[in-house]
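Visitor: I am new to this structure and would like a close look at a single part of it. Please take the open sheet and what lies around it, and go through it step by step.

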Amino acid sequence: MTVLTTSPSWHQLAAHHARIKDIHLRTLFAEDPGRAERFVAEGAGLFLDYSKNRITDETLALLLRLAEERGVTARRDAMFAGEKINVTERRAVLHIALRAPRGVRIDVDGADVVPDVHRVLDAMAAFAARVRDGRFTGHTGRRIRNVVNIGIGGSYLGPEMAYRALRPFSDRSMTFRFVANVDGADFTEATHDLDAAETLFIISSKTFTTLETMTNAAAARTWLVQKLGAEAAVARHFAAVSTNLPGVTAFGIDPTNTFGFWDWVGGRYSMDSAIGLATMIAVGPENFGAMLAGFHAMDEHFRTAPPARNLPLLLGLLTVWYNNFFGAQTVGVMPYAAPLARLPAYLQQLQMESNGKHVDLDGRVVVYQTAPIIWGEPGTDGQHSFYQLLHQGTKLVPCDMIGFCRPLSPLAAQHDLLMANLFAQAEALAFGKTAAELTAEGSPDFQTPFRVTEGNRPTNVILADTLDPATLGSLVALYEHSVFTQGAIWAIDSFDQWGVELGKVLAGRIIPELGHGAEPELTHDASTNALIRHYRKRRG
């Protein structure tokens with residue numbers, strides 16, 4: 001593929017940006033009263049208002065032309081067809097198969113993978129039902145009331161985010177905890193008040209060798225055996241999500257309570273696979289199925305909707321617009337829904353692990369920015385911490401603001417207050433407050449410079465009817481395909497993560513150097529050697 005910056009549309013967008021970069025959103029709305037009705041799109045239960053972006057019809061046309069030149073549609077179709085678009089690992093990328101309905105055919109190397117997906121889903125559903133209704137009991141015969149999911153990365157962020165988002169649909173008689181950090185405090189706090197006789201651990205590791213996950217799994221095994229006094233208890237209190245059956249069996253887990261997935265599923269795209277077992281136990285197989293249907297609805301929208309009405313394509317192109325032409329280095333994700341508190345963290349991994357790359361598909365070092373930094377907090381919490389910077393700071397931060405028309409809480413009046421804040425913040429970021437307006441309102445002259453908010457800060461507003469399982473699936477798939485779009489534009493492999501590996505290798509070298517009584521010769525850089533010596537001296 002040609003270098004992005006030599007693309008005709010790229011040059012046209014650069015010239016266009018120079019012409020419109022200083023035009024204020026006030027002017028764009030004043031000169032185009034219909035933009036609020038025109039710059040919207042809808043699909044898979046989501047409504048996107050992108051009118052408060054610093055774009056015109058020409059901007060949109062050029063961005064869509066760029067997507068065409070960069071082969072986004074062709075690469076999308078290759079993904080859906082099971083082609084090995086993860087070029088550095090020579091793998092297909094088929095998280096879309098995880099939510100394909102029965103009867104749909106998706107081939108990898110000539111074999112239809114959908115029946116295997118549903119075999120795993122059926123096994124998960126049977127196991128989840130037995131845990132939920134008490135037929136699956138622990139070593140002492142008592143029912144399971146606590147589930148602790150042990151994983152890292154996508155094996156942790158996805159299930160935790162989904163559980164918190166869908167807690168109103170969960171079995172409230174059960175407790176769910178999520179452990180990822182190798183810091184022992186994480187495990188200790190997650191289990192300190194649990195009854196071992198009523199606790200099930202789910203160990204999520206494709207290889208069953210991941211350092212953090214297996215360290216915590218070993219801690220869980222020791223905790224359980226000490227509490228219940230029997231090695232045999234492990235088989236009744238552990239399940240696994242892994243492809244390493246020998247490793248699972250050696251650990252003591254019953255192979256019938258082991259659920260697999262495939263090398264064409266990346267960890268950050270796996271919350272709707274067996275990695276979601278804790279989610280399924282929490283909300284039940286029916287609600288988990290509704291979430292899968294929401295994912296699939298957005299998949300189909302991305303696959304079939306015209307480019308100018310295609311939500312993931314539009315969201316991805318707008319990210320490219322600000323990232324590469326305005327030089328914005330971050331994107332704020334602000335869900336106006338307390339249950340989505342972990343969504344920004346989930347999207348951090350999805351975006352930054354996928355597109356945080358410095359070479360293109362041909363191995364050439366890129367000469368343009370790739371993934372923006374993703375961050376955010378729920379509204380209205382963020383309004384009383386970092387929104388000051390959004391309104392009056394010196395950095396341009398495009399924001400996605402996510403809201404719901406109907407609350408799950410019975411406190412409907414508070415939901416109106418919440419949504420009023422969402423709409424007000426989007427309005428204030430776009431239009432601000434001028435010195436003339438402040439003077440007309442009676443602002444003291446000495447305060448006016450400090451109270452001016454320039455506006456012209458772009459937002460996307462994403463609305464759905466309610467935060468239910470189907471909507472959550474649709475929302476996550478929206479961002480998955482937006483990330484895909486960006487990666488296709490930048491011609492990078494969004495599905496590998498080689499940068500993660502170096503730190504793991506170096507940690508493996510350092511671990512034995514920290515052992516008690518160990519004083520091996522240190523061969524790191526001077527700073528790392530000094531830090532290791534200081535740590536060994538001070539740890540006691």
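Guide: What follows goes through the sheet strand by strand, then turns to the helices beside it and a few other places. The model is a predicted one.

The sheet is open and has 5 strands, in the order 6-5-7-8-9, with parallel pairing. Strand 6 (175-179) and strand 9 (258-259) are at the edges; each has a single partner strand, so one side of each lacks a neighbour in the sheet. In general, strands of a sheet pair through backbone hydrogen bonds, in either a parallel or an antiparallel way.

Strand 7 is a good place to start. Strand 5 and strand 7 run parallel and are joined by 5 bridges. Across this pairing, Val147 is opposite Leu200 of strand 7. Strand 7 also pairs with strand 8, again in the parallel sense, over 4 bridges. Here Ser204 is opposite Val241 in strand 8. Strand 8 (residues 238-241) in turn runs parallel to strand 9, and 2 bridges join them. Val241 appears here too, with Phe259 in strand 9 as its bridge partner.

Now the side chains of strand 7. As a rule, the side chains of a regular strand alternate between the two faces of the sheet. In strand 7, Thr199, Phe201 and Ile203 point one way, while Leu200, Ile202 and Ser204 point the other way. Both sets are buried. Because 6 of the 6 residues of strand 7 are buried, the strand is largely enclosed by the rest of the structure.

Two helices lie across strands of this sheet. Helix 7 (residues 154-165) lies across strand 5 (146-150), strand 6 and strand 7 (199-204), and runs at about 150° to strand 6. Helix 8 (residues 184-191) lies across strand 6 and strand 7, at about 175° to strand 6.

Helix 7 also meets another helix. Its axis and that of helix 15 (residues 343-355) come within 9 Å and cross at roughly 150°. This crossing of helix 7 and helix 15 is left-handed. On the helix 7 side the contact is made by Gly154, Leu157, Gly158 and Met161, and on the helix 15 side by Leu343, Ala345, Tyr346 and Gln349. An α-helix has 3.6 residues a turn, so residues three or four places apart point the same way.

Two further places can be added for comparison. Helix 20 (residues 469-490) has 22 residues, which at 1.5 Å a residue should span 32 Å; its end C-alpha atoms are 32 Å apart, in agreement with that. Of the 22 residues of helix 20, 21 are buried, and the helix is mostly covered. Ala491 follows helix 20 and has a positive phi, near 55°. The other place is His95, in the loop between helix 5 (72-80) and strand 3 (107-108). His95 has 3% relative accessibility and so counts as buried. Beyond its neighbours within four places in sequence, His95 is in contact with Met79, Trp264, Tyr269, Asp272, Glu480 and Phe495.

Last, the cysteines. The structure holds 0 disulfides. Cys399 is in no disulfide, and the nearest cysteine sulfur, in Cys405, is 20 Å away. That distance is too far for a bond between Cys405 and Cys399. Cys399 is buried, at 2% relative accessible area, whereas Cys405, at 48% relative accessibility, counts as partly exposed.

Conventions. Residues are numbered from 1 along each chain as its sequence is written. This is a predicted model: local features need pLDDT of at least 70, side-chain atom pairs count only at pLDDT 80 or more; totals for chains, interfaces and linings use all residues. Side-chain values use heavy atoms; hydrogens and water are left out. The expected span of a helix is 1.5 Å times one less than its number of residues. Buried means under 20% relative accessible area, exposed over 50%, partly exposed in between (1.4 Å probe, protein chains only). Two strands pair if DSSP finds at least two bridges between them. Contact means heavy atoms within 4.5 Å. Axes are lines fitted to C-alpha atoms, for helices over the stretch in contact, and angles run from 0 to 180 degrees between N-to-C directions. A disulfide is a pair of cysteine sulfur atoms within 2.5 Å. A crossing is left-handed if the near helix is turned anticlockwise from the far one by less than a right angle, and right-handed if clockwise.
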